Amino acid sequence: MLVGALPALAFPAPSWWWLAWAGVAPLLLVVRAAPSAREGGVRAWWGLGGFILTTQYWLWPTTGPLLAVLAAGLGALWLPWGFAAHRLLSAPLTTRRALAAVLVVPSAWVLAEAVRSWPMLGGPWALLGASQWNQPATLASAALGGVWLTSFLLMAANTAIVCAIVHRGVSGRAVAALLAVVCAGFGPAWFVLGPAPTTGPTIRVALVQPGDITDAAARQAAGEALTASLAGQRPDLVAWGESSIGVDLTSHPEVTAALADLSRRVGADLLVNVDAPAASGDIYKSSVLIGPGGSLGAYRKVRLVPFGEYVPLRPLLGWITRHTKAAAQDRGRGSESVVLHAGAVVIGPLISVEATFSDLPRRDVQLGAQLLAYQSSTSTFQGSWAQPQLAGQVAVHAVEVGRPAVHAGLSGDSAAFDARGRELAWCPSTYRGVVVVSVPLGSQTTMYQRVGDWVLAVAVAIVVLAAVRSRR
């Protein structure tokens, strides 16, 4: 569990990104040293359980003791990875088996990440490739194969390092070391040699971060006061965080009118977020664009947070709400992706945990989005690693789809990135106020945007082929 937790330090808040290139090697060595492949799988299970506990310790207020069950259940997804790592890396390690390991072990890892990323399991938190969020050069591989390719390269480098350590031949060690260097250099090479985003206009986006305010009316008032301070600065868009409005706008036209008046005074459209019961009684999380004339469109959140926004199998697990901060009432789901038009700029709005998924921004770009606009409220996890982890994901998706992205956190962390993942602004959870950032709308149609999750298909093919060959 200890060596499995080590790579967690590569993620925010520590953000020791370089550790991801070698931090899994100790766990691989522990797995390799197991007396059998079955025991190797069990060691991998324990190791990844420790990794999940460390990267998502902040879930305790929501899930309580179930966090240990969650870590054990998700960690079990890496049993095949541990089995494969032991079979290929155990002594005596030949150069041929080392080359096979550099392909098979990363493939098994990526497939475990893909299963762990299913919405019902909480979504793709702490994927290994996401550890590179603040390094545009090493993250550049995501433009080719998404975060999956970056994860594959990281795991391939770790595997190659282990091969270089345990291989007894000088030539075998040299080949393994060369493979580790190639994997580490792949992203930077593409960053330098690959196509750059086309130039485009620059817009001024204001990110409003009032802080952790429990009362909905006071929270909205704080957002309005900060937005009003922008008068005369002429931003092009003002983005509020998730749950910034505590009443249903269709049922309260006076609130819509007040926001429209605020939009006129500031001279910019407002992207607010509603978390309130609709007329039907259902509660939706909705991004609403408000202009001087009123509402310009809305998007209802499609992906919900298990336990945070709904309780899976509520008749069976509903008792959890009495002992944790799990949702007392299930939120409603939106049915489709939507883009909003703020003047000449097409916005792809996404909410909270949707910042972890790669398919949603791809869909928004297919609909014409020029700017990805994320809104979140992580007040339940105030001051924890959850806030920078969520904001960092935005950089990953900016690179994947070749579009700039902004993230408005109600109480932190707010951030903005260009189409290559370069940081334009960052407001930590201790910040209170509004920041105006110039966001270039330069873009490119990346290979990942065109093709999608091809890395997963290749990983499946590699694992199946390896399984077939091992039976001969």
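Colleague: I'm new to this one. Which residue forms a salt bridge with Lys-285?
Modeller: Bear in mind that this is a predicted model. In it, the closest N and O atoms of the pair are 2.6 Å apart, and the partner of Lys-285 is Glu-242.

Colleague: How many residues apart are Lys-285 and Glu-242 along the chain?
Modeller: Lys-285 sits in strand S4 (residues 283-291), while Glu-242 is in the loop between strand S2 (237-239) and helix H12 (253-266). So the salt bridge links distant parts of the chain, and the separation is 43 residues.

Colleague: Are Lys-285 and Glu-242 buried or exposed?
Modeller: Remember that these two side chains meet in a salt bridge. As for their surroundings, both Lys-285 and Glu-242 are buried.

Colleague: Asp-261 and Arg-264 form a salt bridge too. Which helix do they lie in?
Modeller: Their side chains meet at 3.4 Å, N to O. The two are three residues apart, about one turn of the helix, and both belong to helix H12.

Colleague: Does Asp-261 count as buried, exposed or partly exposed?
Modeller: Buried would need under 20% relative accessible area, and exposed over 50%. Arg-264, at 45%, falls in between. Asp-261 has 31% relative accessibility, so Asp-261 counts as partly exposed.

Colleague: How many residues apart in sequence are the parts tied together by Asp-359 and Arg-303?
Modeller: The side chains of Asp-359 and Arg-303 meet in a salt bridge of 2.7 Å, N to O. Asp-359 lies in helix H14 (residues 359-366) and Arg-303 in the loop between strand S5 (294-300) and helix H13 (314-317), so the pair ties together parts whose separation in sequence is 56 residues.

Colleague: And does Arg-303 count as buried or exposed?
Modeller: Its partner Asp-359 is partly exposed, with a relative accessible area of 26%. Arg-303 has 15% relative accessibility, and the limit for the buried class is under 20%, so Arg-303 counts as buried.

Colleague: Which residues do salt bridges with shared partners join into one network?
Modeller: A search of the whole structure finds eight salt bridges. One of them is the Lys-285 pair with Glu-242.
The network is made of Glu-242, Lys-285 and Lys-301.

Colleague: Let's move to the domains. Which residues of domain 1 lose the most area to domain 2?
Modeller: The domain assignment gives domain 1 (1-195 + 463-471) and domain 2 (202-302 + 337-443). About 2300 Å² is buried between them, with carbon and sulfur atoms giving 70%. Three residues of domain 1 together make up 28% of what that side buries, and they are Trp-58, Trp-125 and Trp-133.

Colleague: How many residue pairs are in polar contact between domain 1 and domain 2?
Modeller: The rule finds zero salt bridges across this interface. For polar contacts between the two domains, the count of residue pairs is six.

Colleague: Which residue does the side chain of Gln-382 make a polar contact with?
Modeller: Gln-382 lies in the loop between strand S8 (371-376) and helix H15 (386-401). It touches several residues, including Asp-212, Ser-411 and Arg-432. The side-chain polar contact, at 3.0 Å, is with the side chain of Gln-387.

Note on methods:
Residues are numbered from 1 along each chain as its sequence is written. This is a predicted model: local features need pLDDT of at least 70, side-chain atom pairs count only at pLDDT 80 or more; totals for chains, interfaces and linings use all residues. Side-chain values use heavy atoms; hydrogens and water are left out. Domain bounds come from an automatic or database domain assignment. Buried area is the accessible area (1.4 Å probe) that two parts lose on being put together, summed over both. A salt bridge is a side-chain nitrogen of Lys or Arg within 4 Å of a carboxyl oxygen of Asp or Glu. A polar contact is a pair of N or O atoms within 3.5 Å; within protein, one must be able to donate a hydrogen and the other to accept it, and residues adjacent in sequence count only if both atoms are side-chain atoms. Helices (H or I, at least four residues) and strands (E, at least two) are DSSP runs, numbered from the N terminus. Buried means under 20% relative accessible area, exposed over 50%, partly exposed in between (1.4 Å probe, protein chains only). Contact means heavy atoms within 4.5 Å. Lists of a residue's contacts leave out its neighbours within four places in sequence.
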